[in-house]
Number of protein chains: 2
Amino acid sequence: MPDRDTKGAVRNITDLARLAGVSPGTVSRALAGKSLVNAKTREKIEAIAREHGFRPNQMASGLRRQKTGVIGVVIPLGHDTRQQISDSFFMTLLGFLADELTREGYDLMLRRVVPETDPDWLDRFIGSGMIDGVIVIGQSDQFDRIEDIADGYGPMVVWGNHTEGQLHCVVGTDNRLGGRQAAERLIAAGAKQLAFLGDTTAIEFAARFAGANDVVRRMGLPSMIELPTHLSPERAGEEIADHLVAHGDDIDGIFAATDTLAALALTALRERGVAVPGDIRLVGFDDLPIARQTVPPLTTVRQDIAAGARGLVDLLLRRLAGDKTESLVLPPELVIRETA
Amino acid sequence: MPDRDTKGAVRNITDLARLAGVSPGTVSRALAGKSLVNAKTREKIEAIAREHGFRPNQMASGLRRQKTGVIGVVIPLGHDTRQQISDSFFMTLLGFLADELTREGYDLMLRRVVPETDPDWLDRFIGSGMIDGVIVIGQSDQFDRIEDIADGYGPMVVWGNHTEGQLHCVVGTDNRLGGRQAAERLIAAGAKQLAFLGDTTAIEFAARFAGANDVVRRMGLPSMIELPTHLSPERAGEEIADHLVAHGDDIDGIFAATDTLAALALTALRERGVAVPGDIRLVGFDDLPIARQTVPPLTTVRQDIAAGARGLVDLLLRRLAGDKTESLVLPPELVIRETA
DNA sequence: CGGAATCTTGCAATCGTTTGCAATTGACCA
DNA sequence: TGGTCAATTGCAAACGATTGCAAGATTCCG
């Protein structure tokens, strides 16, 4: 009889227990590395487990322990559905997040949602019982909904902009300061009439714009011209060209909400024969890899993506442990290259 | 007594059943939308569920039904650990995958693994019991291990290169054909001595190289010069510069394994004062967004990433349903811009 | 009005693992 | 030898949802 059993596949802890001649409970303890089981028993169990390639079922384990070992990462596609596909910033952040979470022994469950068509996107994710905590990448235009949730749910950390007095724990660059740095640089490079390229309904972008505005006002310069633009490269290209037709001669400095937009602007400017930084100065945001490769290379405001990911995971783990954590605001860094 | 209950949170199907005055089984059926329950009963149950924001626990459901509704997506970081962070190709593919899987009602569990330090990365993922199927993004140098698994595990689809007679189901561009197209274009643009920029230990890149070689041999041209390069921008930049010092004067056409590498090469060439395409012609691969934005814009071989993602998900679902599916090879498309 | 057929519902086992509690074993000491 | 104590192990009840089976309730027809 034992012979027959040896041939059968080991599908659960009970099968394995039978093979090892112990009870399921002991197998569970052995595989979990608890100190209660005898060394020899453990070795035997581990040997059989290895031989049969057995791994305890995470679903069952999760159900019993009431924790899954999975962190949810959700990307709300708020004001601009195709945004994140084109924007390598979020994807890079996601890569670092995956690394950090793995290092901490967590798995990552990724979900992209369209809040407009799915109003309770966040409740659904949290309520599924599949995740121990959630990281929201980008507030987009969902600030209020996130605030609502934060009221009753602890293990959530958000990447985005910090607003005075907000409830939810956020990690992000000081966008307003970054905006100031950008404007200061543009002005130092000789610009007098600035424009902001990007859609300010996204709260992060609004803060960058506000920062730049601070400087413009302080310096007594004419107020900035807003050039709202979608983030998908196809649409943005045209929109930028249109903006330049309308305002190209009035402005001598552009602050782009994103390096991606800045790169597109650079192309559009070249096509119109506008010299950068001679006629128009240009500053981007993010310091993505592309910023080094444009011609001329882009002056930009750097966000430390790796540090951001580390911060997100770190705070989330502390919240998982019951801490009540503060938000983390990272300093932006002006990187001067050749466009301003 | 009912009054007290009304106030308590509804944490499971049993609580809800008590509130609704029915049995847990009925609640389960109602929430699952089965036709067996009376319309009025269902409405009542749904109303209470909505009121309390109750959602059935996915872990428990998964355990009982023996399926999780989660698809694993794993990125092996094989020959070049930092690869995928810089390479937006994989990240874009991931974005489309997330969309497709969501549309089919599946969640996506993402895992990045380093096979060198974690030999049974694939077994572990599959054996965890957390996923119904797995999509492997990129064979890297793990072809053999993937073959091993495919022998006994059905619901797996791999993005990568198709090799004659292989076991595992793969979706990918015809890299060899793409390589041919690239070489033909370089030669048509006047190149006589070609070089291949990239690391051919990755099987996909090896196929691109082989395709280009086909053409070179057929035309009776001198054989290609290999310029092995890592994919991370920091290292690649230097390596490319070194290559150009060593071979820059001998070659008049470069086929880069990736647009990312091509863009770096373009920068390096400009720095040396080499005219493109005047002195050296250049063709990339992928047609990433960056290909439009280099100066001059990049001639490249386009991979249809969206179609790839659709194919991966489609095949996986069919395999989940028990089909034995064939691999899917997508046609590459030469996009002629200005570098060749 | 009786009986068969059709709807709804409840019951209880099941998925695979974990863990508090109790029982067994052996060691050790007086 | 008896008794105490620690080290191991087994037992069985959870975790929360699903589902085959059977019972109860309705309907329908002649």
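This section describes the contacts between two protein chains and two DNA strands in a predicted model, followed by several local backbone features.

The interface between the protein chains draws 40 residues from chain A and 40 residues from chain B. About 3800 Å² of area is buried between chain B and chain A, and carbon and sulfur atoms account for 61% of that area. On the side of chain B, the residues that lose the most area to chain A are Arg55(B), Met59(B) and Gln293(B); together these residues make up 19% of what that side buries.

Six salt bridges are counted between chain B and chain A. One of them links the side chain of Arg55(B) to that of Asp120(A), with an N to O distance of 3.2 Å. Arg55(B) thus appears both among the residues of chain B that lose the most area to chain A and in a salt bridge with Asp120(A). Polar contacts across the interface of chain B and chain A involve 12 residue pairs, with both residues at pLDDT 80 or more. Several elements of chain B give two or more residues to the side that touches chain A, namely the helices α5 (58-65), α7 (88-103), α8 (121-127), α13 (259-271) and α14 (290-293), together with strand β2 (107-113). Helix α7(B) provides the largest share of this side, with eight residues. When sorted by class, the residues of chain B on the side that touches chain A comprise 18 nonpolar, 12 polar and 10 charged.

Strand pairing also connects the two chains. Strand β2 of chain A, residues 107-113, runs antiparallel to β2(B) and is joined to β2(B) by three bridges. Within this pairing, Met109(A) has Met109(B) as its bridge partner.

The contacts with DNA were examined for each strand in turn. DNA strand D is surrounded by 25 residues, and the closest come from both chains: Ser23(A) and Thr41(A), with Ile13(B), Ser28(B) and Arg64(B). Sugar or phosphate accounts for 66% of the atoms of DNA strand D within 4 Å of the protein, and bases account for the rest. A contact to a base is made by Arg29(A), whose side chain has an N or O atom 3.0 Å from a base nitrogen of DNA strand D. Phosphate oxygens of DNA strand D are approached from both chains. The side chain of Gln66(A) has an N or O atom 3.1 Å from a phosphate oxygen of this strand, and the side chain of Ser61(B) has an N or O atom 3.4 Å from a phosphate oxygen.

The surface near DNA strand D receives at least two residues from each of α3 (24-31) and α5 (58-65) of chain A and α3 (24-31) and α5 of chain B. Among the contributing elements, α5(B) gives the largest share, four residues. This surface has eight nonpolar, 11 polar and six charged residues.

DNA strand C is likewise surrounded by 25 residues, of which the closest are Ile13(A), Ser28(A) and Arg64(A), along with Thr26(B) and Thr41(B). Of the atoms of DNA strand C that lie within 4 Å of the protein, 68% are from sugar or phosphate and the rest are from bases. In chain A, a backbone N or O atom of Ile13(A) is 2.3 Å from a phosphate oxygen of DNA strand C, and a polar atom in the side chain of Ser61(A) is 3.5 Å from a phosphate oxygen of this strand. In chain B, the side chain of Thr41(B) has an N or O atom 2.7 Å from a phosphate oxygen of DNA strand C. Two or more residues of the surface near DNA strand C come from each of α3 and α5 of chain A and α3 and α5 of chain B. The largest share, four residues, belongs to α5(A). By class, the residues of the surface near DNA strand C are eight nonpolar, 11 polar and six charged.

Local backbone features were noted in both chains. In chain B, the peptide bond from Val276(B) to Pro277(B) is cis, with omega near 5 degrees, and Pro277(B) is located in the loop between α13 and β9 (281-286) of that chain. The peptide bond from Val295(B) to Pro296(B) is also cis, with omega near -10 degrees; Pro296(B) sits in the loop between α14 and β10 (299-302) of chain B. In chain A, Asp286(A) is not a glycine, yet this residue has a positive phi of about 115 degrees. Asp286(A) is part of strand β9 of chain A, residues 281-286.

Notes. Residues are numbered from 1 along each chain as its sequence is written. Chains are lettered from A and ligands numbered from 1 in the order in which they are written. This is a predicted model: local features need pLDDT of at least 70, side-chain atom pairs count only at pLDDT 80 or more; totals for chains, interfaces and linings use all residues. Side-chain values use heavy atoms; hydrogens and water are left out. Contact means heavy atoms within 4.5 Å. Buried area is the accessible area (1.4 Å probe) that two parts lose on being put together, summed over both. A salt bridge is a side-chain nitrogen of Lys or Arg within 4 Å of a carboxyl oxygen of Asp or Glu. A polar contact is a pair of N or O atoms within 3.5 Å; within protein, one must be able to donate a hydrogen and the other to accept it, and residues adjacent in sequence count only if both atoms are side-chain atoms. Ala, Val, Leu, Ile, Met, Phe, Trp, Tyr, Cys and Pro count as nonpolar, Asp, Glu, Lys and Arg as charged, and the others, Gly among them, as polar. Two strands pair if DSSP finds at least two bridges between them. A residue is near a molecule or strand if one of its heavy atoms lies within 4 Å of it.
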